[in-house]
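I opened this notebook to follow one part of the chain outward to its neighbours, and I wanted to put each thing I looked up into plain sentences.

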Amino acid sequence: MPILLESRPIAPRPRLADWPQSSHADYNRRVSEKPLAGKIALVTGGSRGIGRAIVLRLGRLGARVVVNYSRREDDALSALQELQKCDSGGWAMRADIGDLEQVHELFARVKEEAGGLDILVNSAARGLQRPRDAMASLPNHLRNTFDVNVLGPWFSTKEAAPLMEARGGGSVVNLTSLGAQRYLPKYAAVGVTKGALDTLTRYLAVELAPRGIRVNSVCPSWVEDSEGVTALPSSYGEAIRRSAPLGRPITPADVANVVGFLCCPESEAIVGQNIVLDGGLTLLGVINP
Ligand SMILES: NC(=O)c1ccc[n+]([C@@H]2O[C@H](COP(=O)([O-])OP(=O)(O)OC[C@H]3O[C@@H](n4cnc5c(N)ncnc54)[C@H](OP(=O)(O)O)[C@@H]3O)[C@@H](O)[C@H]2O)c1
């Protein structure tokens, strides 16, 4: 099957050598303001929703970002335009993360056009298009969901590892979900795959730590203003909004801030952890929708 990959450089690749080097203090100040300056990141599913917020956060931290998407090119291009406003740049690359041949081609393009990789955020996910309870789930839907949500991040990390190692190490962040730990109606396919991704995070973390690559995951609850939430009954959203001790919903920017931190050197000691972002929701015994 032909593989369609598109790559659109938006901003020229900045080189540290091109920066005005008036003094070491100036250089150090710029680096400290942009802790990911000179880094290259790939965000799968970076064109919309939470993935897009992560793209912009990494851009603000100084990284240049490959925005992966599978269908909607316009969204990817508008994400790149926003990235430019953050004084960063990147590429849009189409690849279905559930297709391992396309995953392989995607990383070949990243190596060729971006010149390497330091950060991988596995955010692309499927499975909510046909929400079903566990007992009503169908084999093909489960296989497709597993392909994108588990095998995609698994083999993306496998492809990313040598690229990161060649640049002295890196950071991988997986997007898991509270639906892996708690029951959510009609969320069985996604919940089970996110549980697998949570486990995979720990296995990859142990295997890749000696190669200088940290693997962690971020586990949001219901994220306001993202499409994923539309699959759940609205009564759940209301109950979560009402109940979370934080007193406000989790936003894509909340998730992006934590992902950004996990990609920065300050989080170096965090390895193989699943960081829950739920505003304290799961501290409660019962939530009544
Ligand atoms: N939303 C929530 O409340 C919530 C809660 C917990 C965890 N999460 C997790 O956070 C992540 C982002 O969620 P979201 O709600 O922001 O998702 P979303 O709005 O549905 O965005 C999906 C993104 O993934 C891309 N994508 C979908 N299938 C793909 C594939 N096979 N290959 C490559 N890209 C693909 C889409 O690109 P195209 O449009 O081009 O297909 C789009 O950029 C997911 O891993 C999700 O499970 C979300």
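**Entry 1: strand β2**

I began with the side chains of β2 in this predicted model, and I found that Arg64, Val66 and Asn68 point one way while Val65, Val67 and Tyr69 point the other way, with all of them buried. The strand covers residues 64-69, and because 6 of its 6 residues are buried, I describe β2 as largely enclosed by the rest of the structure.

**Entry 2: the partners of β2**

Next I asked which strands pair with β2, and in which sense. Strand β1, residues 40-44, is joined to β2 by 4 bridges, and the two run parallel; in this pairing I noted Ala41 opposite Val65. Strand β3, residues 90-94, also pairs with β2 in the parallel sense, over 5 bridges. There I noted two facing pairs, in which Val67 of β2 stands opposite Ala92 of β3 and Asn68 of β2 stands opposite Met93 of β3.

I then traced how the chain gets from strand to strand. β1, helix α2 (residues 49-60) and β2 form a β-α-β unit that is right-handed. From β2 the chain crosses to β3 through helix α3, residues 73-85, and this β-α-β crossover is right-handed.

**Entry 3: strand β3 and what lies across it**

I checked β3 for burial in the way I had checked β2. Since 5 of the 5 residues of β3 are buried, this strand is largely enclosed by the rest of the structure. Its two faces are both covered, with Gly90, Ala92 and Arg94 buried on one side and Trp91 and Met93 buried on the other. Helix α4, residues 100-114, lies across β1, β2 and β3, and it runs at about 155 degrees to β3.

**Entry 4: the whole sheet**

I stepped back to see the sheet that holds these strands. It is an open sheet of 7 strands, paired in parallel, and I wrote its order down as β3-β2-β1-β4-β5-β6-β7. β3 and β7 (274-277) stand at the edges with a single partner strand each, so one side of each has no neighbour in the sheet. On average, and with direction ignored, neighbouring strands of this sheet are turned by 15 degrees against each other.

**Entry 5: helix α2 and its two helix neighbours**

I returned to α2 and asked how its axis lies against those of α3 and α8. The axes of α2 and α3 come within 9 Å and cross at roughly 25 degrees; the cut-off for roughly parallel is an angle under 35 degrees, and α2 and α3 therefore count as roughly parallel to each other. Their crossing is right-handed. Where they meet, Arg52, Val55, Leu56 and Gly59 of α2 contact Ala79, Glu82 and Leu83 of α3.

Helix α8, residues 252-263, has an axis that comes within 8 Å of the axis of α2, and the two cross at roughly 50 degrees. α2 and α8 are therefore oblique to each other, and this crossing is right-handed. The residues of α2 that meet α8 include Gly49, Ile50, Ala53 and Leu56, and among those that α8 brings to the contact are Pro252, Val255, Ala256 and Val259.

**Entry 6: Pro252**

I picked one residue from that contact, Pro252, which is found in helix α8, and asked whether Pro252 is buried or exposed. Pro252 has 21 other C-beta atoms within 10 Å, and because 20 or more count as buried, I recorded Pro252 as buried. Leaving out residues up to four places away in sequence, Pro252 touches Gly49, Ile50, Ala53, Val223, Asp225 and Ser226. Pro252 and Ile50 are 202 residues apart along the chain, yet their C-alpha atoms are separated by 4.8 Å.

**Entry 7: the chain as a whole**

Last, I looked up the totals. The secondary structure of the protein chain comes to 8 helices and 7 strands, and buried residues make up 44% of its 289 residues. Among contacts between residues at least 6 apart in sequence, 76% join residues at least 24 apart.

Methods. Residues numbered from 1 in each chain as written. Predicted model: local features only at pLDDT ≥ 70, side-chain atom pairs only at ≥ 80, totals over all residues. Buried ≥ 20, exposed ≤ 12 C-beta atoms within 10 Å, placed from the backbone. Pairing = 2+ DSSP bridges. Right-handed = clockwise from strand over helix to strand, strands pointing away. Axes fitted to C-alpha atoms, helices over the stretch in contact; angles between N-to-C directions. Parallel < 35°, antiparallel > 145°, perpendicular 65-115°, else oblique. Left-handed = near helix turned anticlockwise from the far one by under 90°. Contact = placed C-beta atoms within 7 Å.
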